[in-house]
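Dear colleague,

I am handing over the structure we spoke about, and my notes on it follow below. Please read them with the coordinates open beside you.

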Amino acid sequence: MKIERILLREIRMRLKSPFETSFGTVQDRRIVLVEVVAEGVSGWGEVTAGETPGYNAETTDTAWHVLTDFLAPVLIGKSISKASELPALMSHVRGHEMAKSGIENALWDVEAQLSGVPLYQHLGGTIEEIACGVSLGIRETPEALVKRVEEELASGYQRIKLKIKPAKDYKFIAAVRKEFPRILLSVDANSAYSLDDVSHLQSLDAFNLLMMEQPLSWDDIHAHSKLQEQIKTAICLDECIHNTRHALTAIELKACRIINIKLGRVSGHTEARLMQDACRAHGVPVWCGGMLESGIGRAHNIAMSTLPGFSLPGDVSASQRYWSEDIIEPAVEVTARGTIQVPKTPGLGYAVKREFVEKLTVRRNVSSNARVAT
Ligand code: OSB
Ligand code: MG
């Protein structure tokens with residue numbers, strides 16, 4: 001496959017309502033989309049970086065910089081035989097996994113289309129209906145949160161995850177647990193606590209949580225191993241895990257019992273496949289995390305979630321929970337059983353609404369080797 005063109009677009013999309021986590025609140029998303037053209041076929045990827053460096057070090061603007069100045073220039077005109085060769089071609093750029101993932105995933109879409117198979121099958125996925133959970137932002141009051149949980153359960157979602165931070169945790173979880181004693185319930189702190197909070201975090205063991213996601217520092221696997229030996233609740237690592245080596249380190253140190261895989265955080269489908277395989281070999285369940293993606297990122301998440309290691313419901317939910325209009329068609333829909341039926345058409349399985357994407361675009365950049373091709 002010869003990489004002929006790389007088109008970057010930044011689009012603006014407003015979430016239906018603000019989403020609050022321990023590191024901030026977002027409503028207006030600035031999303032970088034990557035379109036790669038190879039062998040005359042267009043594939044799409046999404047950069048899942050946030051607007052601020054509150055979740056990890058990347059942002060919409062750092063991704064734009066790294067893609068336009070460092071990644072696109074070395075990839076344009078290159079011929080590769082497989083999408084899985086891309087990470088080696090980008091390894092001279094340290095970090096910036098989300099920027100890399102946007103390009104790599106677009107090429108996986110191209111490759112699946114050229115092979116005439118759905119992306120999930122091309123990745124080696126076997127699950128045809130994936131299990132869905134939801135992630136609920138921090139609310140003003142426990143009552144407001146309980147009401148929201150009730151609505152999501154009524155829609156069929158199989159697992160509820162509550163965002164927490166100090167002083168917005170115990171009472172909120174207690175209220176939800178009291179109302180719904182038997183649901184699969186998790187919490188996600190996005191690094192809001194420290195080892196000084198061990199006894200407080202132990203108190204959350206009372207709620208029979210499925211997991212506690214990334215309670216401690218975004219870059220400290222060792223601290224999580226100290227916490228895991230002191231709490232009963234399974235720790236799930238998110239922010240700390242950028243590649244399969246990190247996952248194996250965390251497993252060896254007993255820093256977690258579950259891992260959240262996000263395509264952007266681990267730099268794309270190639271690494272995600274390796275990671276879920278390694279976790280499965282160690283008996284560690286994984287699930288697909290979300291980053292408030294548009295339909296393109298969502299479609300990639302769905303394809304990844306079909307791999308055999310994904311044994312817990314992911315944060316992959318319906319388009320309409322976040323967007324009044326998504327940029328793909330059909331929109332992602334969730335069944336009354338809280339599942340998504342994986343599309344069977346070649347490539348991503350959803351069509352990109354080009355005119356709508358154009359309307360949302362605020363900047364673009366095109367890298368092409370047309371000038372040197374005579
Ligand atoms: O930690 O999983 C997270 C959103 C933004 C940044 C980090 C996280 C999240 C979510 C949202 O939990 C999941 C979703 O897209 O539904
Ligand atoms: Mg998380």
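Which residue has a polar side-chain atom 2.8 Å from an oxygen atom of ligand 1? In this model, which is a predicted one, the residue is N190, whose polar side-chain atom lies at that distance from a ligand oxygen. Two further side chains take part in contacts of this kind: an N or O atom in the side chain of S135 is 2.8 Å from an oxygen atom of ligand 1, while for the side chain of D188 the corresponding distance is 3.0 Å. Of the 390 Å² of accessible area that ligand 1 has on its own, the protein covers 97%.

As for the wider surroundings, ligand 1 sits in the largest pocket, and 17 residues surround it, the closest being S135, N190, K262, L292 and Y322. Sorted by class, this shell consists of 8 charged, 6 nonpolar and 3 polar residues.

I also looked at the cysteines, and the structure holds 0 disulfides. For C132, the closest cysteine sulfur is that of C288, and because the two sulfurs are 9.7 Å apart, they are too far from each other for a bond. C256 is likewise in no disulfide, since the nearest cysteine sulfur, in C236, is 7.1 Å away, whereas a disulfide requires the two sulfur atoms to be within 2.5 Å. Both C132, with a relative accessible area of 0%, and C256, with a relative accessibility of 6%, count as buried.

With best regards

Technical notes:
Residues are numbered from 1 along each chain as its sequence is written. Chains are lettered from A and ligands numbered from 1 in the order in which they are written. This is a predicted model: local features need pLDDT of at least 70, side-chain atom pairs count only at pLDDT 80 or more; totals for chains, interfaces and linings use all residues. Side-chain values use heavy atoms; hydrogens and water are left out. Buried means under 20% relative accessible area, exposed over 50%, partly exposed in between (1.4 Å probe, protein chains only). A residue is near a molecule or strand if one of its heavy atoms lies within 4 Å of it. A polar contact is a pair of N or O atoms within 3.5 Å; within protein, one must be able to donate a hydrogen and the other to accept it, and residues adjacent in sequence count only if both atoms are side-chain atoms. Accessible areas come from the Shrake-Rupley method with a 1.4 Å probe; for residues, only the protein chains shown count as cover. On a 1 Å grid over the protein atoms alone, a cavity is a set of points where a 1.4 Å probe fits but cannot get out, and a pocket is an open set with protein on both sides within 12 Å along at least five of seven lines; lining residues have an atom within 4 Å of a point. A molecule sits in a cavity or pocket if more than half of its atoms lie within 2 Å of its grid points. Ala, Val, Leu, Ile, Met, Phe, Trp, Tyr, Cys and Pro count as nonpolar, Asp, Glu, Lys and Arg as charged, and the others, Gly among them, as polar.
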